[in-house]
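User: Please take a close look at one part of this protein for me. I would like to know how its interior is put together, and what sits around it.

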Amino acid sequence: MEAARDAAFICELLNSPKFIKYIGDRGVRSADDASDLIEDRYRQSYRDHGYGLYAVELKTENTSIGICGYVKRDTLPLPDIGFAFLPKFERKGYAFEAASATLQFGRDVLGMTNILAIVSPSNAASAALLRKLGFRPDRQIDSGGEVVDLYDLKFESK
């Protein structure tokens, strides 16, 4: 049942209007499509890189509300942080909380010293969150045929 719940959540998230607008249409239209994506992309990232996207859940309800984690893209030299939330859970502080924990995990457990982030130039909310997390704008780059803003975060030495 867990896999079915995960697939339904991913299908809903990837078809939300802001996900499609700012991240892209992944062509996931059914729970079966979502199950394939979970196995072939999300879990494959853990097998290939030791990290990936994590489900963000409400502790009290055990309800998935978004994803946050690391992506290793062929177009970038370092991992980048990514996040997306269901519309009804946006602008409630969950993205900041999840991204902060993800950054700490990357630094303290995975040994990362530098993290990147990409964001659509029109996505002011995500750009503001990245700046709040300590990321600095770097430059615009081409990412798979789309121009995006590249952000950079270097962890301070302990």
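**Loops, core and helix packing**

Analyst: Arg91 is exposed, with a relative accessible area of 76%. In this predicted model, Arg91 sits in the loop between β3 (80–85) and α4 (94–108). Its phi is positive, about 60 degrees, although Arg91 is not a glycine.

Asn62 also has a positive phi, about 55 degrees, and is not a glycine either. This residue lies in the loop between β1 (53–58) and β2 (63–71). Asn62 is partly exposed, at a relative accessible area of 42%.

Now the interior. The largest nonpolar core holds 42 residues. Within that core, Ile10, Ile81, Leu103 and Phe135 touch the most other members. Helix α1 (residues 2–14) gives the largest share, six residues. Apart from this core lies another, of five residues. Leu76, Leu116, Ile141 and Leu150 are among the members of that other core.

Take Ile81 in detail. Leaving out residues up to four places away in sequence, Ile81 touches Cys68, Gly69 and Tyr70. Ile81 also touches Ala99, Thr102 and Leu103. Further partners of Ile81 are Ile115, Leu116 and Ala117. Leu130 and Phe135 complete the list for Ile81. Two of these partners, Leu103 and Phe135, are themselves among the core residues named for touching the most other members.

Next, the helix that gives the core its largest share. Helix α1 packs against helix α3 (residues 31–49) at an angle of about 95 degrees. Their axes are 8 Å apart. The two helices are therefore roughly perpendicular to each other, since angles of 65 to 115 degrees count as such. On the α1 side, the contact is made by Asp6, Ala7, Ile10, Cys11 and Leu14. On the α3 side, Ala31, Ala34, Ser35, Leu37, Ile38 and Tyr42 take part. By class, this contact has nine nonpolar residues, one polar and one charged. Asp counts as charged, so Asp6 of α1 is the charged residue in this contact. Ile10 belongs to this contact, and is also named among the core residues that touch the most other members.

Finally, the cysteines. Cys11, part of the α1 contact with α3, is buried, with a relative accessible area of 13%. Cys68, a partner of Ile81, is buried at 1%. Both values fall under the 20% cut-off, so both residues count as buried. A disulfide is a covalent bond between the sulfur atoms of two cysteines. A search of the whole structure finds zero disulfides.

Note on methods
Residues numbered from 1 in each chain as written. Predicted model: local features only at pLDDT ≥ 70, side-chain atom pairs only at ≥ 80, totals over all residues. Heavy atoms only, no water. Core = buried A, V, L, I, M, F, W, Y, C linked by side-chain atoms within 4.5 Å. Buried < 20%, exposed > 50% of the residue type's maximum accessible area, 1.4 Å probe, protein only. Helix = DSSP H or I, 4+ residues; strand = E, 2+ residues; numbered from the N terminus. Contact = heavy atoms within 4.5 Å. Axes fitted to C-alpha atoms, helices over the stretch in contact; angles between N-to-C directions. Parallel < 35°, antiparallel > 145°, perpendicular 65-115°, else oblique. Disulfide = S-S within 2.5 Å.
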